[in-house]
Amino acid sequence: MALDAICLAAVVEELRSAICGGRIDKIYQPSTQDVVLAVRGNTGNVRVLLSANPSHPRLHLTALERENPEKPPMFCMLLRKHLTGARILDLDQPYMERLVTIRLEATNELGDKVSRSLVLEAMGRKANLILLDGEGRIIDCIRRVEGDITTGARQVLPGLFYRLPEPRFGVPPLLERELRFRGEEGNLTEAVGTLWAKVKEGIATPTMLVRDGKMVDYSFLPILQYGPETELKEYPTFGELLDDFYETREQQEHTRQRGEDLLRTVKSARERTARKLENQRQELLSTLDRERLRQMGDILTSNLHLLKKGHSVARLTNYYDPDGEEIEIALDPLLTPQENAAKYYKDYNKAKNAEKALTLQIERGENDLSYLDSVLETLSLAEGERDLQEIRQELTDTGYLKRLKKGGKREKRMAGKPMEFQTDSGLRVSVGKNNSQNDLLTTRQAGKGDLWFHTQKLHGSHVILWSRGEEPDEGSIVQAAMLAAWFSQGREAGKIPVDYTPVKFVRKPAGAKPGMVVYTTYQTLMVQPDGDLVKRLRVK
């Protein structure tokens, strides 16, 4: 699923017509490995993504909005210094190599015109983005490479002259199989050369391979080898195709990278809570035998005249037994008979009190476990650092994360926005991405007459259908319920029950954890989670 050299060539031709002659207006670095250039091109303003991500390095036009860090990384600041206002002259790509050089004309601090180059090496785990001066010397790069003098491995470091990596010409496996399928394996090199020439002439078809409703691969030409089991979906541009293919993967990867520590913390807290809860349940079971302790004390008390200090066991008639059988009662030889009886009564009262305490502790533990499960669910919905930071704040407020010490720098409190959707009839639907947003939506923002949706007995988002003071149509109610089903633990299930009710019947109990509410007077719909509906109704 990597961007192969010929597909990259097709992307380069698409970029050439869109940005050559244009000027770089703004530069962003949304992640450590991705740079976005905002370009005033010949046909309008466009954005170009250059990604040195080893998992999926690439460049293409992009329409996706990416969340930028509050403080730009150093490499971004360097690019802004050298390339803001620069004119894009051309794009070069060596034959069958996953490497593109963007040649630029920039202005230095003295106002003189200077040459600059931005090189994207889109080569798997060695991917890199490198800024060069007019002499081909490296100004800086996203990934510095020390190299190896003994083996002659290439160094990529500021101040050194840039050297091209060793040529890695090779036919992509997907393309090789396709050419063989089409009977063109006789002279593979010639067939590949022909395809390269066609692509450089602008003859290419952005094609997505879809199997079982999922995007599995893409190419610059229709792929016929898989037959009817794989749908071929053509796109207007390679930029749109690559945005679609990588959007979900990028979100998942960014969330995973940025949220791994947070996820470990929550999972660890959940495991501790679950272990503690299981121990408490076992302790509670042991208290259920407390009546036997009281009976032992009664039997000892009624037979004190038969007992003496120093015995470790007493065999006495058990008058609680219908048959009057004898019973053995363990004694502490260091205690008097009266003290042994008192000890059994004490253990009985202790067990009786423990039952009450453990019942309360177990209830709290179950609530804690349910809350942590809800946090794990919301982590899967996080779409960027802002969402993760909001969850960190929530966990700090609830005591699962430690606050920074007084002398430390506190993180700025984030206030993320819920996801927004619009039903086919035009009604607005809001979906909380975490417990803080759920609380805000349900208890502060929604009106009493707006409809509140939530999956029945499953963790998930609070969903609000804004009724605007009118009775919502049936279609909007069903679509809001389907959104609640998708953004829940039941996403991968079949039909699941979703409860809905006016907001006035939803309340937050005093002292309840974030996102926890109770509700009454509700109706239930059985709906199927639908990812296509989610994409169609989402308001960007």
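The following exchange covers the cores, one buried helix residue and the cysteines of a predicted model.

In this model, local features need pLDDT of at least 70 and side-chain atom pairs count only at pLDDT 80 or more, while totals for chains, interfaces and linings use all residues. Residues are numbered from 1 along each chain as its sequence is written, and side-chain values use heavy atoms, with hydrogens and water left out.

Colleague: Which helix gives the most to the largest nonpolar core?

Modeller: A nonpolar core is a set of buried Ala, Val, Leu, Ile, Met, Phe, Trp, Tyr and Cys residues joined through side-chain atoms within 4.5 Å. Buried means under 20% relative accessible area, exposed over 50%, partly exposed in between (1.4 Å probe, protein chains only). The largest such core has 66 residues, with Leu118 and Phe220 making the most contacts inside it. With helices taken as DSSP runs of H or I, at least four residues, numbered from the N terminus, the top contributor, with 11 residues, is helix α1 (residues 5-19).

Colleague: Is Asn435 in helix α9 buried or exposed?

Modeller: Asn435 lies in helix α9 (residues 435-445). Contact means heavy atoms within 4.5 Å, and beyond four places in sequence Asn435 contacts residues including Tyr371, Glu394 and Pro514. Because its relative accessibility is 3%, Asn435 counts as buried.

Colleague: How many disulfides does the count come to?

Modeller: A disulfide is a pair of cysteine sulfur atoms within 2.5 Å. For Cys7, the nearest cysteine sulfur is that of Cys20, 19 Å away. The count of disulfides comes to zero.

How values were computed
Helix = DSSP H or I, 4+ residues; strand = E, 2+ residues; numbered from the N terminus.
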